[in-house]
Amino acid sequence: MDTILIVDDNHAICQALGLMLEINGYQVLTCHTPEDALSLMATQDVDLVIQDMNFTRDTTSGEEGRQLFYALRERQQDLPIILMTAWTQLETAVELVKAGAADYMGKPWDDAKLLNSINNLIALHKLARANQQLERVNSQRQVAIADADLCGIVFGSGAMQRCIDLALQLARSDVSVLITGPNGAGKDKLADIIHANSPLKNKPFIKVNVGALPMELLEAELFGAEAGAFTGANKARIGRFEAADGGTLFLDEIGNLPLSGQVKLLRVLQTGEFERLGSHKTLKVKVRVISATNADLAQDIAEGRFREDLFYRLNVIELALPPLNQRIDDILPLVKHFVGEGFSLSKPAQQALLQHRWPGNVRELENACKRAALLAQSRVLTEADFGLPPAHGSHSSAINTTTFGRTLSAITPIEPQVKSLHHDVPAQSDSSDAMDVSREQIEMALRQHKGVIARVAKSLGLSRQALYRRMDKFGLEK
């Protein structure tokens, strides 16, 4: 619940404002002097302040409110402050609005306009804080990756940034990592980053595409083979695990590993031990394993194609890489990287590139860029150069909507502050002011209706503002 501090020497105004705000879901704090306001601010979290401009009876200069405003600003630079008074000079109002006052309203106030201003100011204040937090996080990220080796990766999306952040965090450990994502999305790049920023970066980094190896040679490739172990094996050969000893082994398309190979892989991960094909001699290595797959291993486990115990050995941490069509902000930076600085993109080409679903992900995009660079008739690339149809409609929905400016547009605009300056002069009497109501009548009505201003005013035939003026005149408090 948002908290609003009301600072006004008139107790009746504090009570009226407080009741209205509480009815509308706000928590309210009240005090009657600038000194009390500053003391309360030192101990309470406040989301907005509504402050009077004059606190000494018969004082209308606004200097007391001016001093309080600057004191509050000194304590909390971005705190929304609404100044409220019937007695002040226009020059003071303009000065304080320029100095950062969020709004300036006169007494009597309009409930709807005041609530609209409060709602908008608090929403904007929260967004500003969120934006500042985002900037701090981004700044910390930039510091974190300033000295990192990103292995030439090109990106512009928040989704890819989060993947890289996690990859850099995992690089410092020696746990097994399973990178998941569709073919061509860049899983091997994340493996490169993990190894390049790990304590093992100067040790061997061996890559194996399990899906590209013939089934009958796969175990020999991973674990090695003795001479004569199979037809054509004329001499002993070491496997990829031996080659990676002391370093990192990247097993791409791990879902294609047959069950017999899965048993041996599980043993290596558990004990570091294995035998070459055709040998009974046990070898021992220390290898960090990073694996990747585009398969649904959970489904493979359910259907008996993948061992569940191996899955949990490989999947100590999962690094999920989204497809390119979920990383729209990566597309244009990647295109500019692939085609080189000698080319630019037409607007229709940019629209077509952003609208295409890219089922082949970054690999498909790279091939399209190679095509465009080869077939282009000019230095300005069109959608036809990429082999893409013209874009249909606007692609604004694909643009990143997390920016501060986009978020602000979702909020009802606040009325310009200059418009509120017409409240700065004392309000003119309304027709109900013509009624002659005595002090005794007001006191009796206050007792009868237990101080509820709206009911008191109605019973006396006055507007609420007219009632407040008479209470001020007679020195009455609610």
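**Exercise 1. Cysteines**

Task: Find how many disulfides the structure holds, then work out whether Cys 151 and Cys 369 are buried or exposed, or something in between.

Solution. Start with the count: this predicted model holds 0 disulfides. A pair of cysteine sulfur atoms would have to sit within 2.5 Å to be scored as one.

Next, take Cys 151. You'll find it in the loop between α5 (111-146) and α6 (158-171). Its relative accessibility is 21%, so it counts as partly exposed; the cut-off for buried is under 20%. While you're there, check the backbone: phi of Cys 151 is near 55 degrees, which is a positive value in a residue other than glycine.

Now Cys 369. With a relative accessibility of 1%, this one counts as buried. Keep Cys 369 in mind, since it belongs to the α15 side of the contact with α13.

**Exercise 2. The chain as a whole**

Task: Say how many helices and strands the chain has, and what share of its residues counts as buried.

Solution. Count the elements, and you get 19 helices and 14 strands. Then go to burial: the chain has 478 residues, and 45% of them count as buried. Finally, look at the contacts with a separation of 6 or more: 71% of them come from residues 24 or more positions apart.

**Exercise 3. α2 and α3**

Task: Work out how helix α2 is oriented relative to helix α3, and which residues meet.

Solution. Two packed helices are described by the angle between their axes and the distance between those axes. For α2 (residues 34-41) and α3 (residues 63-75), the axes come within 10 Å and cross at roughly 10 degrees. Angles under 35 degrees count as roughly parallel, so α2 and α3 are roughly parallel to each other.

Who does the touching? From α2 come Pro 34, Ala 37, Leu 38 and Met 41, and they meet Leu 68, Ala 71, Leu 72 and Arg 75 in α3. Sort that contact by class and you have 7 nonpolar residues, no polar ones and 1 charged.

**Exercise 4. α13, α15 and the loop residues beside them**

Task: Describe how α13 packs on α15, then place Leu 324 and Trp 358.

Solution. First the geometry. The axes of α13 (331-339) and α15 (361-375) are 9 Å apart, at an angle of about 45 degrees. That makes α13 oblique to α15, and the crossing is right-handed.

Second, the contact. α13 supplies Ile 331, Leu 334, Val 335, Phe 338 and Val 339, while α15 supplies Val 362, Leu 365, Glu 366 and Cys 369. By class, that's 8 nonpolar, no polar and 1 charged.

Third, Leu 324. Look in the loop between β12 (317-320) and α13. Leu 324 has a relative accessible area of 0%, so it is buried. Setting aside neighbours within four places in sequence, its contacts are Asp 330, Ile 331, Leu 334, Trp 358, Asn 361, Val 362 and Leu 365. Leu 324 also has its C-alpha atom 6.4 Å from that of Ala 185, a residue 139 positions away along the chain.

Fourth, Trp 358, one of those contacts of Leu 324. Trp 358 lies in the loop between α14 and α15, and it is buried at a relative accessible area of 1%. Here too phi is positive in a residue other than glycine, with a value near 50 degrees.

Last, α14 (residues 347-355) itself: Ala 349, Ala 352, Leu 353 and Leu 354 are buried. The buried residues of α14 pack against α13, β13 (344-345), α15 and β14 (380-381).

**Exercise 5. α17 and α18**

Task: Work out which way α17 crosses α18, and which residues make the contact.

Solution. Helix α17 (residues 439-448) and helix α18 (residues 453-460) pack at about 135 degrees, their axes 9 Å apart. Roughly antiparallel would need an angle over 145, so α17 and α18 are oblique to each other. The crossing is right-handed. On the α17 side, Gln 441, Ile 442, Ala 445 and Leu 446 make the contact; on the α18 side, it's Ile 453, Val 456, Ser 459 and Leu 460. The tally is 6 nonpolar, 2 polar and no charged.

Definitions and conventions. Residues numbered from 1 in each chain as written. Predicted model: local features only at pLDDT ≥ 70, side-chain atom pairs only at ≥ 80, totals over all residues. Heavy atoms only, no water. Axes fitted to C-alpha atoms, helices over the stretch in contact; angles between N-to-C directions. Helix = DSSP H or I, 4+ residues; strand = E, 2+ residues; numbered from the N terminus. Parallel < 35°, antiparallel > 145°, perpendicular 65-115°, else oblique. Left-handed = near helix turned anticlockwise from the far one by under 90°. Contact = heavy atoms within 4.5 Å. Nonpolar A, V, L, I, M, F, W, Y, C, P; charged D, E, K, R; others polar. Buried < 20%, exposed > 50% of the residue type's maximum accessible area, 1.4 Å probe, protein only.
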